[in-house]
Structure formats: C-alpha cells, structure tokens
Amino acid sequence: MSAQQTLAGLALALVDGSIEVVDLTAPLGPDTPLLYLPPDFAKNTPKFKMHEISAYDQNGPWWAWGWMELGEHTGTHFDAPSHWISGKDLPQNTTDTVPVKNFVAPIAVIDCSTEVAGDPDFLLTAERVKAWEAEHGEIKPGTWVVLRSDWYHRNTSTEAFLNADENGSHTPGPSVDCVEYLVEKGALGFGSECVGTDAGNAATFNPPFPAHNLLLGAGRYGLASLTNLDKLPPTGAMLVIAPLKIVGGTGSPVRAFAIVPRG
Ligand SMILES: O=C(O)C(=O)c1ccccc1S
Ligand SMILES: [Ca+2]
Ligand SMILES: [Mn+2]
C-alpha cells in the first residue's frame, strides 16, 4: 500500500469511527498538581496562573484573552534531554530542536495497574518489560513505552497525586534496570501517569532519577501526567504529542493523544 493510500485510509477510518482519537492529557489550570521537591534541596515550579487581559469589556470590547504563568514541566508534559545534566550537551536536546518526527510514534502500554493498586511504590523492572514482550512482541526501536498505573484518577487532588508522607512521595515508576533496558531496545521515551517520569523514591536509586539521568542522558524523552492509558490497547496505537516549540526549552506542557484502531 502506498503512503498516499495509507493516509487516505486513515482519513476514512477517522470519519467512519473505526479509528478513534483518545485524549491522554490532563486538564491544565491552577489546580494542576506539581512536583514538590524539598525546599532545602531545590527550588520548585510555581503554580499555573492565568491573568485576564480582557473579557469583552473596556479592555477589549469584542474579545477575551489572557496571559499565563506556566512551568515547562507542568501537567501532562514532555521532558527534553536538556532537562537533565546528563543530556545538557546532546544535539537536538531542547523542545525547539527535537526532531518533530519523534512526536508521532507507536506506543506500547504496559499495564501494571493491579500491581500499583497493591503497592504505590511499585517499580516497573526490565524483567516485567520482558514478560510483556513475551506476550505482545518485542519493543521495536522508535516506540514510546508507557506505564499504565491508573494513577491519573488521582490527579484532581495534589495530595492524592503526590501521595507523600514523612519519607517522601510514594508513586510508581521504572527501576534503573528497566530504563537501561528501554534505552537498549531503542525506545524513544518513557511515559507515566504520575507527576514525573521517575518513581517517588527515585532519589534513593543508583543513579538517582534514572528516567531522567539515563533516559534523557541517552537522548530519549519523557512524558509525565498522562491520562486514559486504560483506554489504549497494549500495542497497535500511535501516540501523537505536541510540545510547544520553546526556544531552548527543557520541556513543555503537551496535548497528548493516541490514534487507536477499534474493532
Ligand atoms: O521534570 C520533572 O517533571 C520531574 O519529574 C523532576 C524535575 C526535577 C527533579 C526531579 C524530577 S523527578
Ligand atoms: Ca518534566
Ligand atoms: Mn521530569
């Protein structure tokens, strides 16, 4: 089938509903949960704030618009390699230089929602990824790999989403050997439903924050605060993300969605 026929088929399938578009993005606003780092360790991202310019009034008689205060790593967002010191000198490592072809790719969904329901500190390991491959096929280079945890149901409450106690945050993520394996398999990036791509206790890993240190350091990417992964098949869907083309950006809020075959 030619490329033209493939795209024409996609257009028809979108119209007849045999291919659906599934939103993977959390609402973005003042209530969007943000990562919380201990203030004696690091500065944090300020909350999202919308400033009204006009609302069909004396400031603009027929129009409404505003301006935002918004962190790069807020809500459903993309991590570029430059976000981490291990990726700071890599080529094409900022939101305005990452090749745009990397924003449309196959997505592999590893469902660990049952395990996470029993253990919020659950770690996706290389062994668990290999077990998924045994059932669904090998992860091919250029694939986004995402951890389905159903954690997105918590993202209307910062407290529930960060799930912290005196020992820190308890949220799932990938182990060091998992990230090493995904890099080895040529995965484009790793995605999570949690506030960040790393597990809540990833500061204690060696190296710390492997989904940043090793993944971004290998020139791959992260996606955090995804939603609706429970509506995707293990394989066969395509991920589309649209980071803002922020000059020199280390990341960006994104509208993420999946193109999913139905029936
Ligand atoms: O970039 C993020 O959203 C993120 O997850 C993060 C940022 C800075 C330090 C640690 C982490 S874990
Ligand atoms: Ca980020
Ligand atoms: Mn991050």
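These are my notebook entries on a predicted model, taken up one region at a time.

**Entry 1, the metal site.** I began with the ions and looked up the donors of each. For the calcium ion (ligand 2) I found His73 through ND1, His77 through NE2 and Asp79 through OD, at 1.8 to 2.1 Å, and along the chain these donors follow the spacing H-x3-H-x1-D. For the manganese ion (ligand 3) I noted Asp79 through OD and His212 through NE2, at 2.1 to 2.4 Å. The manganese ion (ligand 3) and the calcium ion (ligand 2) are 2.9 Å apart, with aspartate 79 coordinating both. I then asked where the two manganese donors sit: aspartate 79 is in strand β4 (residues 77-79) and histidine 212 is in helix α6 (residues 210-213), so this pair ties together parts that are 133 residues apart in sequence. I checked burial as well, and recorded that histidine 77 and aspartate 79 are both buried, as are both aspartate 79 and histidine 212.

**Entry 2, the main sheet.** I next traced the strand order and wrote down an open sheet of nine strands, β1-β15-β13-β5-β7-β11-β12-β4-β14, with mixed pairing. Its edge strands are β1 (19-23) and β14 (251-253), each of which pairs on one side only. Neighbouring strands of this sheet are turned against each other by 25° on average, direction ignored. Looking at one pair in detail, I saw that β13 (residues 237-241) and β15 (residues 256-261) run antiparallel and are joined by four bridges, and that valine 240 has phenylalanine 257 in β15 as its bridge partner.

**Entry 3, a hairpin.** I turned to β2 (residues 49-57) and β3 (residues 60-69), which pair in the antiparallel sense over seven bridges, and which a hairpin joins through two residues. In this pair, lysine 49 has glutamate 69 of β3 as its bridge partner.

**Entry 4, the nonpolar cores.** Which residues of the largest nonpolar core touch the most other members? I listed Ile110, Cys112, Leu124, Val129, Val145 and Leu182, out of 25 residues in that core. The elements that give two or more residues to this core are β5 (104-111), α3 (126-136), β7 (144-148), α4 (158-162) and α5 (176-184), and α5 gives the most, with four residues. Apart from this core I noted another, of 24 residues, among them Leu24, Ala105, Ile107 and Leu226.

**Entry 5, helix α5.** Staying with α5, I found its buried residues to be Val176, Cys178, Val179, Tyr181 and Leu182. What covers them includes β6 (123-124), α3, β7, β10 (173-174), β11 (189-192) and α6. For leucine 182 I looked up the contacts, leaving aside residues up to four places away in sequence, and obtained Val129, Ile139, Val145, Ala187, Phe190 and Arg220. Just after α5, glycine 186 takes a positive phi of about 85°.

**Entry 6, helix α1.** Helix α1 (residues 3-16) has 14 residues, and I noted a span of 20 Å from its first C-alpha to its last, close to the 20 Å expected at 1.5 Å a residue. Glycine 17, just after α1, has a positive phi of about 85°.

**Entry 7, backbone in the loops.** Before going through the loops I reminded myself that most residues other than glycine have a negative phi, and that most peptide bonds are trans. In the loop between β11 and α6 I located proline 207, and the peptide bond leading to proline 207 from asparagine 206 is cis, with omega near 5°. Phenylalanine 209 is placed in the loop between β11 and α6 too, and has a positive phi, near 50°. Is phenylalanine 209 buried or exposed? Phenylalanine 209 counts as buried because its relative accessible area is 19%, and the cut-off is under 20%. Serine 225, in the loop between β12 (221-224) and β13, has a positive phi of about 55° although serine 225 is not a glycine; at 4% relative accessibility, serine 225 counts as buried.

**Entry 8, threonine 171.** I closed with threonine 171, in the loop between β9 (168-169) and β10, which counts as buried at 5% relative accessibility. Not counting residues up to four places away in sequence, the contacts of threonine 171 include Pro120, Asp121, Trp151, Phe161 and Asp198.

Methods:
Residues numbered from 1 in each chain as written. Chains lettered and ligands numbered in written order. Predicted model: local features only at pLDDT ≥ 70, side-chain atom pairs only at ≥ 80, totals over all residues. Heavy atoms only, no water. Core = buried A, V, L, I, M, F, W, Y, C linked by side-chain atoms within 4.5 Å. Buried < 20%, exposed > 50% of the residue type's maximum accessible area, 1.4 Å probe, protein only. Contact = heavy atoms within 4.5 Å. Pairing = 2+ DSSP bridges. Axes fitted to C-alpha atoms, helices over the stretch in contact; angles between N-to-C directions. Expected span 1.5 Å × (residues − 1). Donors = N, O, S within 2.8 Å, 3.2 Å for Na, K, Ca; no water.
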